[in-house]
Amino acid sequence: MNLRVYMNDWSMNMGIVGFLNILNHVDLKDEVTMKDNYIEFDSSILENFNKHYFKYFLDKDNIYKSINNNVIMKLNYIKSNHDKLKSTVEQLKKDLMYQNGKVKNYFKDDAKIISENLNLLKGIKKEEDLEHLNEIVNNCLEIFEKRYINEKLTINKTRSYIGDNFFGQVSFLQKPRATLSIEEQAEFMYRDYILPILDYCNLNELLQKQDIDKLIEFIDKRLEDKNTSKAIEGIFKDIKKISKKNKDIDLILNYYNSDNLKICEMCSDHKGIVSNYTEGHFSPLAVSGDNAMNMYWDMKLDFSICDICKLMLFCTPAGSNMVRKNYIKEGENEFYTFINMDTSIDDLYNKNIIVRNAKDRDSVFKELILDMVGENKKKSEWQLGNILFIEFKAIDSKKCTLNYFDIPTYSSKFFCDESKTLDSIKDKSLKLSVIDLILKERDLKYLINEKIREKLTDSLNSSKGFYTSTNDIYKVIKIRYTLDCYKKGGKEKVDEKKLKSVRYAGREIHDYYVQNNSKNKIDGIAYRLLNTAKVRNKKDFMDIILRLFMSCEKSVPTVFLDVMAEKELDFESIAYAFISGLISEKYETNTMEGK
């Protein structure tokens with residue numbers, strides 16, 4: 001029987017992408033037909049899907065590969081850095097001991113062999129010991145590579161992050177079943193997620209053939225099987241009761257097509273085999289128990305979901321991508337992401353593959369946006385305007401962070417027209433912060449203030465210099481100004497000449513103080529101006545500017561008349577552009593860059 005799954009909300013779409021990723025991993029993706037707004041496949045493809053599901057995560061999260069790669073990296077580092085031999089061996093030992101602690105929980109004899117080998121590492125002190133080091137490490141790797149150890153550690157890792165971030169208490173992911181083998185867990189998945197769908201398909205095919213004898217024979221067989229799901233078991237019993245009274249296929253069809261059977265409220269399609277939608281199916285969006293009444297105005301305590309939708313949601317971990325935002329200094333910086341689109345299944349799948357294949361796991365949005373703006377401009381603007389970025393992270397069992405944001409029309413145009421300016425920012429962390437804030441429609445002035453303040457603090461406390469140059473800071477100021485122009489009317493309103501003249505005015509004051517051996521005064525002036533900009537105190541800002549130019553015997557540029565009126569340049573653009581010029585050349589060359 002052919003099954004169709006239509007695009008829906010982002011959680012269902014993430015499941016569809018995950019379903020395709022799992023099939024692609026075992027070279028079965030071509031068995032699925034991808035239409036504009038749905039996928040279609042024969043139900044026979046699900047027969048071994050539970051095994052494909054586990055193979056996907058076993059290969060993706062393979063613990064042995066991770067341990068082996070870490071060992072190779074450290075051994076290669078030792079070969080080219082002999083002076084770091086002792087400290088690197090200590091770190092290698094620490095890493096392997098950590099992994100061996102997991103082995104010890106299940107396989108004590110194997111863990112003992114690894115421990116004995118790791119104890120020999122304390123004898124590795126000289127370059128001549130490298131051959132012995134390789135021998136010890138290889139002995140450990142042989143134990144970690146054992147199938148039963150690798151599979152156990154890998155599936156525990158998979159179960160942990162899937163259970164924590166995607167599902168509540170679900171099927172074989174429940175802790176009591178964590179001790180089971182992969183084959184046993186796959187059987188649970190088959191029983192809970194695959195078999196009900198196959199029963200549904202077989203029932204529908206027999207109803208279409210209208211062969212009542214084969215239908216009853218099939219139902220009797222399935223009722224004898226203890227693995228038959230409760231939802232479809234009830235339907236089977238009702239059909240059998242009808243057939244006992246009167247073997248009339250029309251009566252059975254009337255029952256099956258009547259209002260007695262529920263329709264899935266998630267897909268509004270599959271009928272009859274439904275259960276209540278809870279956090280067990282997808283934690284970030286669902287709730288459990290009586291808390292469900294908070295979700296609905298009519299205090300309804302259930303929301304029906306069919307087995308096909310349940311399976312798709314169970315594939316969401318394979319449809320998401322992990323992003324590590326290293327520029328976030330405090331709090332959780334690891335998120336699971338998904339790119340949702342209202343275009344087509346093909347676009348939806350391919351855009352998420354770009355995110356998956358991104359080389360830098362903390363810059364996936366940047367790579368996606370730059371890839372999209374490299375296409376036809378009108379098509380790029382339309383695609384960017386129809387994209388939704390989702391981030392979620394389960395902090396603990398009771399709390400989940402969920403962020404989602406789309407791109408307004410003016411931002412789409414900005415990304416298409418000004419991608420080169422954005423990409424020219426040399427400081428990677430700053431660039432990612434800018435993209436993140438633009439996507440979340442946050443004002444860049446807070447980031448600019450923070451970076452200038454970091455620059456000033458660094459000049460007072462360190463001789464090495466802060467890595468963010470004033471040229472990069474000015475580019476962010478320029479981006480903020482340009483983005484605001486797009487917001488107010490478009491590219492034709494962008495005129496950077498005045499903004500650049502403000503920066504040069506700041507540079508002139510900087511040069512005056514340097515030439516008159518008063519460079520040490522620049523930081524204090526910059527701090528005062530920065531404080532006025534932060535609180536939008538135009539009066540005090542202009543008072544400092546007037547005194548500053550008078551003390552340098554220079555006329556105040558007419559551009560500063562915009563401070564009060566803010567006709568062409570807003571106050572923050574003027575203030576921060578001037579300050580970036582004033583503190584320029586701190587640990588930088590004597591020429592103006594980033595023009």
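# Questions on a predicted model

Modeller: A starting point in this predicted model: Met34 has Ile39 as its bridge partner in strand 3.

Biologist: What is the order of the strands in the open sheet?

Modeller: The open sheet has 3 strands, and their pairing is antiparallel. Strand 1, residues 2-6, is joined to strand 3 by 5 bridges. Strand 2, residues 33-34, pairs with strand 3 over 2 bridges. The order is therefore 1-3-2.

Biologist: Which strands stand at the edges?

Modeller: An edge strand here has a single partner strand, so one side is left without a neighbour in the sheet. That describes strand 1 and strand 2.

Biologist: Is strand 3 largely enclosed or largely open, and how many of its residues are buried?

Modeller: Strand 3 covers residues 38-42. It is largely enclosed by the rest of the structure, because the number of buried residues among its 5 is 4.

Biologist: Which residue in strand 3 is the bridge partner of Asn2?

Modeller: Asn2 belongs to strand 1, residues 2-6. Strand 1 and strand 3 run antiparallel. The partner of Asn2 in strand 3 is Asp42.

Biologist: Through how many residues does the hairpin join strand 2 to strand 3?

Modeller: These two strands pair in the antiparallel sense. Thr33 stands opposite Glu40, and Met34 has Ile39 as its partner. The hairpin between the strands runs through 3 residues.

Biologist: Which helix gives the largest share of the largest nonpolar core?

Modeller: The largest nonpolar core has 76 residues. Those with the most contacts inside it include Ile39, Phe41 and Phe49. The largest share of this core is 14 residues, and it comes from helix 8.

Biologist: Which residues does Phe49 touch, leaving out those up to four places away in sequence?

Modeller: Phe49 is among the residues with the most contacts inside the largest core. Phe19 is another of that group. Phe49 touches Phe19, Ile22, Leu23, Met189, Ile194, Leu311 and Cys315.

Biologist: How many residues are in the second, separate core?

Modeller: This core includes Phe414, Leu437, Leu447 and Phe571. Its residue count is 69.

Biologist: How many salt bridges does the count come to?

Modeller: A pair counts when a side-chain nitrogen of Lys or Arg is within 4 Å of a carboxyl oxygen of Asp or Glu. Glu151 and Arg147 form one such pair, with the closest N and O atoms 3.2 Å apart. The count comes to 26.

Biologist: Which residue is linked with Arg147 and Glu151 in a network of salt bridges?

Modeller: Arg147 and Glu151 both lie in helix 7, 4 residues apart, about one turn of the helix. Arg147 is exposed at 54% relative accessible area, whereas Glu151 is buried at 18%. The other residue of their network is Glu183.

Biologist: Is Lys310 buried or exposed?

Modeller: Lys310 forms a salt bridge with Asp307, the closest N and O atoms being 3.3 Å apart. Both lie in helix 12, 3 residues apart. Asp307 is buried, with a relative accessible area of 9%. Lys310 has 13% relative accessibility, so it counts as buried.

Biologist: How far apart, N to O, are the side chains of Asp570 and Arg480 in their salt bridge?

Modeller: Asp570 is buried at 14% relative accessible area, and Arg480 is buried at 12%. Their side chains meet with an N to O distance of 2.9 Å.

Biologist: How many residues apart along the chain are Asp570 and Arg480?

Modeller: The salt bridge between Asp570 and Arg480 links distant parts of the chain. Asp570 is in the loop between helix 24 and helix 25, and Arg480 is in helix 20. They are 90 residues apart.

Biologist: What distance separates the C-alpha atoms of Ser268 and Ile305?

Modeller: Ser268 is found in the loop between helix 11 and strand 4. Ser268 is exposed, with a relative accessible area of 57%. Ile305 is 37 residues away along the chain, and the C-alpha separation is 9.1 Å.

Biologist: Which residues make the nonpolar surface patch of about 280 Å²?

Modeller: Val556 lies in the loop between helix 23 and helix 24. At 31% relative accessibility, Val556 counts as partly exposed. Patch residues need over 30%. The patch is made by Leu546, Met550 and Val556.

Key: Residues are numbered from 1 along each chain as its sequence is written. This is a predicted model: local features need pLDDT of at least 70, side-chain atom pairs count only at pLDDT 80 or more; totals for chains, interfaces and linings use all residues. Side-chain values use heavy atoms; hydrogens and water are left out. Patches are made of residues with over 30% relative accessible area and no salt bridge: like charges are joined within 9 Å, nonpolar side chains (Val, Leu, Ile, Met, Phe, Trp, Tyr) within 5 Å. Accessible areas come from the Shrake-Rupley method with a 1.4 Å probe; for residues, only the protein chains shown count as cover. Buried means under 20% relative accessible area, exposed over 50%, partly exposed in between (1.4 Å probe, protein chains only). Two strands pair if DSSP finds at least two bridges between them. A nonpolar core is a set of buried Ala, Val, Leu, Ile, Met, Phe, Trp, Tyr and Cys residues joined through side-chain atoms within 4.5 Å. Contact means heavy atoms within 4.5 Å.
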